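Please open the model in your viewer and keep the sequence panel beside it, since the tour moves from one selection to the next.

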Amino acid sequence: MAKSLRSKWKRKMRAEKRKKNAPKELSRLKSILRVDRDVLMKDVQEVATVVVPRHDQENMQSVVKDEDDDMKMETDIKRNKKTLLDQHGQYPVWMSQRQRKRLKAKRERRKGKSKAKAAKAAKGLAW
């Protein structure tokens, strides 16, 4: 749906408006935090994207690296690059049903060709 020129234009304009208003929103959020001193920055990070000034980024990177070591999770999904299937035989979430159907049909054709060749070879050896 929503592919008309009007909707594309409106989406583009909303994105530009967000860019324009982002500094105001950030300053408003900071002013609210100054009023309410007991709010922690970590709680705010869950709600909003906090942009750290460049001079503070170096300090924050060392803190973030320490946290990453503690909370390391194994999320390696082993996926076949040719068929895009993972180790459980599942396609990626972003793939549409039509693409899945095409890849499945392609796999089935390959299986059929290999079986046909094997059958012909066996037939030739039988007599």
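A residue is called buried here when its relative accessible area is under 20%, exposed when that value is over 50%, and partly exposed in between. By that definition, 7% of the 127 residues of this protein count as buried, and it should be kept in mind throughout that the model is predicted.

Begin with a cartoon view of the whole chain, in which you will find four helices and zero strands, so that the pattern along the sequence reads α-α-α-α.

Next, select Lys3, Arg6, Lys8, Lys10, Arg11, Arg14 and Arg18 together, and you will see a surface patch of positive charge formed by these residues. Within that selection, centre on lysine 3, which sits in the segment before helix H1 (5-35); lysine 3 counts as exposed because its relative accessibility is 64%, above the 50% cut-off.

Then move to the loop that runs between helix H3 (54-70) and helix H4 (97-126), and select threonine 83 there. Is threonine 83 buried or exposed? Its relative accessibility is 14%, and threonine 83 therefore counts as buried. If you also show the side chain of asparagine 80, you can trace a polar contact of 3.3 Å between it and the side chain of threonine 83.

Finally, select leucine 84, which also lies in the loop between H3 and H4 and, at 25% relative accessibility, counts as partly exposed. Check its backbone as well, for leucine 84 has a positive phi of about 65 degrees despite not being a glycine. Most residues other than glycine have a negative phi.

Definitions and conventions. Residues numbered from 1 in each chain as written. Predicted model: local features only at pLDDT ≥ 70, side-chain atom pairs only at ≥ 80, totals over all residues. Heavy atoms only, no water. Patch = residues over 30% accessible without salt bridge, like charges linked within 9 Å, V, L, I, M, F, W, Y side chains within 5 Å. Areas by Shrake-Rupley, 256 points an atom, 1.4 Å probe, with all protein chains shown as cover. Salt bridge = Lys/Arg side-chain N within 4 Å of Asp/Glu carboxyl O. Lys, Arg positive; Asp, Glu negative; His and termini not counted. Charge placed at Lys NZ, Arg CZ, Asp CG, Glu CD. Helix = DSSP H or I, 4+ residues; strand = E, 2+ residues; numbered from the N terminus. Buried < 20%, exposed > 50% of the residue type's maximum accessible area, 1.4 Å probe, protein only. Polar contact = N/O pair within 3.5 Å; in protein donor to acceptor, adjacent residues only side chain to side chain.
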